[in-house]
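User: Please take a close look at one part of this model, the helical chain and the places where its residues pack. Set it beside its partner chain as you go.

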Amino acid sequence: MQEPKIKFDHVTKVFQTRSQSILAVKDYSMEIAAGEFVSILGPSGCGKSTLIRMLDGIIDTTEGDIFIDGQKVNYAKKKMPQSILRKMGFIFQQPNMLPWFTVRENIALPLRVFDLKGPEWEKRVDELLELVGLTEYAKAYPAEISGGMLQRAGVIRAMVHDPEILLMDEPFGALDELTREQMNMELLDIWTRTKKTIIFITHNIEEAVLLSSRVYVMGTHPGRLVEIVDLDLPRPRTLSMITQPKFIQYREKLEGCIGEIDLSKIK
Amino acid sequence: MKKKNKLISFLAPVVSFLLIFSLWEIACTVNEVPTWFLPKPTEIFRSMVVDFPEFWPHILVTFEVVLMGFLIAIPVGLLLASLVTSFPLVNAALSPYITFLVTTPLISLIPLLMLMMGFGLNMRITTVVIQSFAVINMNACTGFNNVPTIRRELMQSMGADPIKTYLKMTLPSAASDIFTGVRLAAIFATTTCISVEYNAGNTGLGSQIIKYSQYLKTTQSFACIFYVTIIGLIMYGLISFAQKKIISWKE
Ligand SMILES: Nc1ncnc2c1ncn2[C@@H]1O[C@H](COP(=O)(O)OP(=O)(O)O)[C@@H](O)[C@H]1O
Ligand SMILES: [Mg+2]
């Protein structure tokens with residue numbers, strides 16, 4: 001078998017606070033191949049964010065290892081080197097733009113931090129702005145544009161340094177339903193064209209089925225993997241698929257998984 | 001409509017200014033208040049112009065001490081706040097001394113500083129710096145500690161080095177808190193400078209206020225006080241200008 005792009009090998013994370021230790025993620029394993037689009041689905045507080053924050057070097061692991069391209073990337077207490085971080089782009093739940101930079105400066109920020117200089121990179125910024133229709137807002141400040149535009153800016157900022165992996169933490173959760181659907185289709189379009197590996201976190205079942213090839217369902221107390229559901233739906237996906245029997249079948253299956261989690265919580 | 005509002009907000013303080021000084025003038029005239037007790041505003045303004053050559057060197061001295069002390073206090077306060085919020089060890093080592101400087105009434109330090117440094121400008125500037133850097137430090141610390149976690153995570157996700165993180169993210173995040181400190185520091189600087197001049201030497205507007213009131217030349221005393229006010233206003237204007245230039249964004 002081909003080496004997985006991303007591999008979690010029995011990863012556990014315990015947060016140590018002053019009064020208690022919180023078992024946020026317990027014994028989590030998964031393998032994702034290059035170019036795959038997978039979702040992580042689960043109720044809030046089940047450790048989804050913790051999971052990809054560990055992958056992106058924002059927090060460290062307590063036990064177990066994480067591999068990217070076969071290379072171990074979690075160094076206990078040590079910062080992840082930029083050579084590995086460059087392979088990833090992180091899209092936050094909020095747009096997380098820096099208000100003192102213009103839209104273009106915000107999008108170019110990873111280039112400045114990763115020291116990527118030259119006209120080809122600057123051209124890439126302009127192309128990405130064009131791709132999501134932000135060209136005429138390039139010089140605007142974040143406070144001057146709409147929520148949907150801000151989140152688009154967040155998406156292309158994560159792509160500007162040409163990472164192989166996109167990590168998305170409930171990226172469109174704060175948007176209204178219509179904008180969210182539109183962003184989902186744009187994202188699929190970007191994925192089809194660039195074939196990046198995408199880990200998409202959501203608590204929205206429909207979104208997970210619509211976008212991904214596989215869904216990792218997580219449960220709470222402790223945060224853990226409870227089910228892996230492969231989605232055998234044709235691509236390209238369209239919004240009209242939502243009403244097809246197969247789609248509904250998957251949706252109900254996932255609802256079942258989530259329901260069981262909720263029930264077990266009550267007990 | 002907007003134009004009208006602007007006009008009103010410009011005229012309102014001018015009118016109230018004229019009103020207050022007219023009332024003062026009338027009250028003094030009608031009640032025949034002796035000049036040594038409370039001079040009329042017109043007399044004070046006259047003295048500000050007529051005695052200007054006499055005041056000018058002292059205005060310069062005071063302004064120099066206030067400005068220099070203030071300009072040194074800003075980087076000192078900022079640097080200290082940056083160190084304290086970045087390194088817990090520095091924080092533990094220094095915070096007792098900063099608290100000491102903030103809580104000690106400065107007047108009690110002046111005789112000691114005079115003993116060590118004499119009456120000159122160095123001593124005055126040092127006193128102003130000691131008194132005003134602490135508020136900058138305290139407000140900057142608040143700003144640095146309140147940087148949203150999500151912004152830190154953004155820089156972390158790119159493995160940004162400490163200097164880039166500081167310049168591109170931390171410092172601008174704290175900018176409005178820092179300016180609050182700078183504004184307070186300007187007030188502290190002026191107050192401190194005048195109290196030092198009350199106590200030490202015979203130059204500077206503070207020393208002149210004391211001198212004139214001892215000779216019952218209350219009008220000149222008031223003229224000097226008004227010049228102190230003008231120095232305060234100039235500082236305020238400079239800071240507002242800098243803030244508008246530097247913080248051009250909306251959060
Ligand atoms: N920095 C932290 N310190 C302590 N506990 C944390 C921290 N981050 C997350 N947790 C805890 O870990 C659990 C999982 O959180 P999170 O990964 O944010 O869940 P999700 O993203 O699925 O909503 C929660 O119980 C949360 O309170
Ligand atoms: Mg989360």
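Analyst: Read from start to end, chain B runs α-α-α-α-α-α-α-α-α-α. That is 10 helices and zero strands. The model is a predicted one. Along the principal axes, the C-alpha atoms of chain B occupy a box of roughly 75 × 60 × 25 Å. Of its 251 residues, 42% are buried. Contacts that span the sequence are common here: among those joining residues at least 6 apart, 72% link residues at least 24 apart. Chain B exposes about 14,000 Å², and carbon and sulfur atoms supply 72% of that area. Its charges number 17 positive and 11 negative. The mean positions of the two sets are 12 Å apart.

Two residues of chain B give a closer view. Start with B:Lys164. This lysine belongs to helix H8 of chain B, residues 162–199. B:Lys164 has 18% relative accessibility, and the cut-off for buried is under 20%, so this lysine counts as buried. Its side chain reaches across to chain A, where the backbone oxygen of A:Arg112 lies at 3.1 Å. Leaving out residues up to four places away in sequence, B:Lys164 touches A:Arg112, A:Val113 and A:Asp115 in chain A. Within chain B it touches B:Met155 and B:Met169.

The second residue is B:Thr218. Helix H10 of chain B covers residues 218–246, and B:Thr218 lies in it. A relative accessible area of 13% makes B:Thr218 buried. Its contacts, again without residues up to four places away, include B:Thr35, B:Trp36 and B:Phe37. B:Pro39 and B:Tyr212 are also touched by B:Thr218.

Now the partner. Chain A has eight helices and 10 strands. Its radius of gyration is 19 Å, close to the 18 Å that the globule rule gives for 267 residues, so chain A is as compact as a globular protein of that length. The C-alpha trace of chain A spans about 55 × 50 × 40 Å along its principal axes. Buried residues make up 52% of the 267 in chain A. Of the contacts in chain A with a separation of 6 or more, 70% involve residues 24 or more positions apart. Chain A exposes about 12,200 Å², with 51% supplied by carbon and sulfur atoms. It carries 34 positive and 37 negative side chains. The centres of those two sets lie 4 Å apart.

Inside chain A, helix H1 covers residues 48–55. Seven of its eight residues are buried, so this helix is largely enclosed by the rest of the structure. Charged residues are among the buried ones: A:Lys48 and A:Arg53. A:Thr50, A:Leu51, A:Ile52, A:Met54 and A:Leu55 are buried too. A:Gly57 follows the helix, and its phi is positive, near 70 degrees.

A loop residue of chain A completes the picture. A:Pro171 sits between strand S7 (165–169) and helix H6 (177–194). At 1% relative accessibility, A:Pro171 is buried. Beyond residues up to four places away in sequence, A:Pro171 touches A:Ile91, A:Phe92 and A:Gln93. It also touches A:Gln151, A:Phe200 and A:Ile201. A:Gly147 is 24 residues from A:Pro171 in sequence. In space the two are 12 Å apart, C-alpha to C-alpha.

Technical notes:
Residues numbered from 1 in each chain as written. Chains lettered and ligands numbered in written order. Predicted model: local features only at pLDDT ≥ 70, side-chain atom pairs only at ≥ 80, totals over all residues. Heavy atoms only, no water. Helix = DSSP H or I, 4+ residues; strand = E, 2+ residues; numbered from the N terminus. Buried < 20%, exposed > 50% of the residue type's maximum accessible area, 1.4 Å probe, protein only. Polar contact = N/O pair within 3.5 Å; in protein donor to acceptor, adjacent residues only side chain to side chain. Contact = heavy atoms within 4.5 Å. Rg over C-alpha atoms; globule rule 2.2 N^0.38 Å. Areas by Shrake-Rupley, 256 points an atom, 1.4 Å probe, with all protein chains shown as cover. Charge placed at Lys NZ, Arg CZ, Asp CG, Glu CD.
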